[in-house]
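Here are my comments on the model you sent, set out as numbered points. They begin with the overall fold and end with the loops.

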Amino acid sequence: MGFLLSKSMEQSFQKQQEFMLLNTRLQLERQLLMQNQMLERQMAMQVAWSREFLKYFGSFFGLATLGLTIGAVRKRKAALLAPVVPLSFVLAYQVDAAYGSLMHRMREEAESIMVSESERLALPQGMPTFESIEKSRRAKAHLTSLLER
């Protein structure tokens, strides 16, 4: 009788472990999906910001170029067109960021760095551990309690 009860409990325990493992895996998958969606949203906001900035900078560039060109023609000084050169580089960068392939090239470069230059990505003092986080938390808690006195 005790043997049957023990075997039944062991099977129940094993099923519970499998359920917990499945549940943990599902939770991890959800966390990864959530982090990925948050990253995608941040990147979309960055592209949207670039496009909005481009509208304002493009207007500024157009007016500045027009004004400098008119000034250069009236005063017969080609040197007045000099600021147009660096401004055109900024405009080209903004157009590339907003509508071009800048993000794709940056992603490819990042992947290349991760593969061939992974030592550059190492964190100072290595990956945080549970112990290092707890040590920091306890130190801050200790400081808080000292300040409250």
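1. Helices and strands are DSSP runs, a helix being H or I over at least four residues and a strand E over at least two, and they are numbered from the N terminus. On that basis this predicted model reads α-α-α-α along the sequence, with four helices and zero strands in the protein.

2. The overall dimensions deserve attention before any local detail. The protein has a radius of gyration of 30 Å, whereas a compact globule of 149 residues would have one near 15 Å. Taken along the principal axes, the box filled by the C-alpha atoms is roughly 110 × 45 × 30 Å.

3. Burial and surface may be read alongside those dimensions. Of the 149 residues in the protein, 11% are buried, and the accessible surface comes to about 13400 Å², with carbon and sulfur atoms contributing 64% of that area.

4. As for contacts along the chain, if one considers those in the protein with a separation of 6 or more, 61% are accounted for by residues 24 or more positions apart.

5. The largest nonpolar core consists of six residues, namely L54, F57, F61, V84, L91 and A98. Helix 1 (2–75) and helix 2 (84–99) are the elements that give two or more residues to this core. One of its members, A98, is in contact with V47, S50, R51 and L54 once its neighbours within four places in sequence are left aside, and L54 is itself listed in the core.

6. Two loop residues should be inspected for their backbone geometry. Where does R76 lie? This residue is placed in the loop between helix 1 and helix 2, and R76 has a positive phi of about 55° although it is not a glycine. Because its relative accessibility is 76% and the cut-off for exposed is over 50%, R76 counts as exposed.

7. The second such residue is Q125, which is likewise not a glycine and has a positive phi of about 65°. Q125 belongs to the loop between helix 3 (102–116) and helix 4 (130–148). Is Q125 buried or exposed? With a relative accessibility of 85%, Q125 counts as exposed.

8. A final point concerns the charges, for any reader who intends to look at electrostatics. The protein carries 19 positive and 14 negative charges, and the mean positions of these two sets are 11 Å apart.

Definitions and conventions: Residues numbered from 1 in each chain as written. Predicted model: local features only at pLDDT ≥ 70, side-chain atom pairs only at ≥ 80, totals over all residues. Heavy atoms only, no water. Core = buried A, V, L, I, M, F, W, Y, C linked by side-chain atoms within 4.5 Å. Buried < 20%, exposed > 50% of the residue type's maximum accessible area, 1.4 Å probe, protein only. Contact = heavy atoms within 4.5 Å. Rg over C-alpha atoms; globule rule 2.2 N^0.38 Å. Areas by Shrake-Rupley, 256 points an atom, 1.4 Å probe, with all protein chains shown as cover. Lys, Arg positive; Asp, Glu negative; His and termini not counted. Charge placed at Lys NZ, Arg CZ, Asp CG, Glu CD.
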